[in-house]
Amino acid sequence: MTERQEQTAPDAVMTRIGQVVMLCHAGDREEARHRFLDLWTEIGEDGDPLHRCTLAHYMADAQDDPCDELAWDLRALTAAEELTDDRLARHEEALAVRALYPSLHLNLAADYVRLGRTDAARTHVRRARRASAALGEDTYSDGVRAAISRLELRLGETGSADGGWGPPRQRP
């Protein structure tokens with residue numbers, strides 16, 4: 001019984017990350033960056049990979065400088081590589097590790113496009129496309145696949161194009 005309660009118990013750090021994400025989406029990106037940095041310090045470089053991956057993923061969205069955004073997206077990918085399906089299963093919104101990779105690689109590809117590093121962008125959009133096989137059949141997954149297609153079009157990659165190009169990630 002205790003094990004089952006631990007598996008479904010809310011994760012306080014994930015809740016706090018979510019609260020900062022809402023702050024960022026409400027437009028206070030500077031305050032969100034400060035709070036994310038405080039959380040990052042609290043979690044630590046060797047902390048829970050799910051916390052580090054999630055925080056870094058959202059911290060990237062709060063950046064104004066494309067180089068800073070890339071650095072945070074790389075941190076998110078590094079943390080994801082340390083995740084196990086078992087760790088994700090202990091989070092109430094469990095998903096498979098492999099389902100994270102399409103978005104992570106898509107974000108890196110978009111970062112590299114903004115930095116004018118087309119070869120690196122192509123590498124990551126290809127990785128995103130390959131990883132997209134792990135996505136489910138839902139609105140989120142459809143959006144990730146569509147964003148991959150738009151970026152492939154922009155980069156001249158062959159993929160399942162679905163229309164004109166748009167930003168591969170939502171910006172507040």
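A residue counts as buried when its relative accessible area is under 20%, and as exposed when that area is over 50%. By that rule, 47% of the 172 residues of the protein are buried. The model is a predicted one.

**Overall fold**

The protein has nine helices and zero strands. From the N terminus on, the order of elements is α-α-α-α-α-α-α-α-α. Take the contacts between residues at least 6 apart in sequence: 56% of them join residues at least 24 apart. The protein exposes about 9,300 Å², and carbon and sulfur atoms supply 49% of that area.

**The nonpolar core**

In soluble globular proteins, nonpolar side chains tend to be buried together. Here the largest nonpolar core holds 44 residues. Within this core, Ile17, Phe36 and Leu55 touch the most other members. Seven helices, namely α2 (12-25), α3 (29-43), α4 (49-61), α5 (66-82), α7 (101-114), α8 (118-131) and α9 (139-155), each supply at least two residues of the core. Helix α7 gives the largest share, seven residues.

What does Ile17 touch beyond its neighbours within four places in sequence? Its partners are Phe36, Leu39, His51, Thr54, Leu55 and Tyr58. Phe36 and Leu55 thus appear again, this time as contacts of Ile17.

Ala32 sits in helix α3. Its relative accessible area is 0%, so Ala32 is buried. Setting aside neighbours within four places in sequence, Ala32 is in contact with Val20, Leu23 and Cys24. The C-alpha atoms of Ala32 and Ile17 are separated by 9.7 Å, and the two residues are 15 residues apart along the chain.

**A buried arginine in α4**

Arg52 belongs to helix α4. Is Arg52 buried or exposed? Its relative accessibility is 5%, so Arg52 counts as buried. Not counting residues up to four places away in sequence, Arg52 touches Trp40, Ile43, Gly44, Glu45, Asp46, Gly47, Ala79 and Glu82.

**Salt bridges**

The whole structure contains 13 salt bridges. Three of them are listed here, each with the distance between the closest N and O atoms.

| Pair | Closest N and O atoms |
|---|---|
| Arg16 and Glu42 | 2.7 Å |
| Arg29 and Asp64 | 2.9 Å |
| Glu152 and Arg129 | 2.8 Å |

Arg16 and Glu42 form a salt bridge. The pair links distant parts of the chain: Arg16 is in helix α2 and Glu42 in helix α3, 26 residues apart. Arg16 has a relative accessible area of 32%, so Arg16 is partly exposed.

Arg29 and Asp64 form another salt bridge. Arg29 lies in helix α3 and Asp64 in the loop between α4 and α5, so this pair ties together parts that are 35 residues apart in sequence. The two partners sit in unlike surroundings. Arg29 has 18% relative accessibility and counts as buried, whereas Asp64 is exposed, with a relative accessible area of 57%.

Glu152 pairs with Arg129 through a salt bridge. It joins helix α9, which holds Glu152, to helix α8, which holds Arg129, and the two residues are 23 residues apart. Glu152 counts as buried because its relative accessibility is 3%.

Asp119, Arg122, Arg126 and Glu157 are linked in a network of salt bridges.

**Helix α9 from end to end**

How does the span of α9 compare with 1.5 Å a residue? The 17 residues of α9 should span 24 Å, and its end C-alpha atoms are 24 Å apart, so the two values agree.

Asp138 caps the N-terminal end of α9. A side-chain oxygen of Asp138 lies 3.3 Å from the backbone nitrogen of Tyr140. After α9 comes Gly156, whose phi is positive, near 75°.

The buried residues of α9 are Ser141, Val144, Arg145, Ala146, Ala147, Ile148, Ser149, Arg150, Leu151, Glu152 and Leu155. They pack against α7 and α8. Glu152, one of these buried residues, is also the α9 partner in the salt bridge to Arg129 of helix α8. Helix α9 further supplies at least two residues of the largest nonpolar core, as do α7 and α8.

Note on methods: Residues are numbered from 1 along each chain as its sequence is written. This is a predicted model: local features need pLDDT of at least 70, side-chain atom pairs count only at pLDDT 80 or more; totals for chains, interfaces and linings use all residues. Side-chain values use heavy atoms; hydrogens and water are left out. A nonpolar core is a set of buried Ala, Val, Leu, Ile, Met, Phe, Trp, Tyr and Cys residues joined through side-chain atoms within 4.5 Å. Buried means under 20% relative accessible area, exposed over 50%, partly exposed in between (1.4 Å probe, protein chains only). Helices (H or I, at least four residues) and strands (E, at least two) are DSSP runs, numbered from the N terminus. Contact means heavy atoms within 4.5 Å. The expected span of a helix is 1.5 Å times one less than its number of residues. A polar contact is a pair of N or O atoms within 3.5 Å; within protein, one must be able to donate a hydrogen and the other to accept it, and residues adjacent in sequence count only if both atoms are side-chain atoms. Accessible areas come from the Shrake-Rupley method with a 1.4 Å probe; for residues, only the protein chains shown count as cover. A salt bridge is a side-chain nitrogen of Lys or Arg within 4 Å of a carboxyl oxygen of Asp or Glu.
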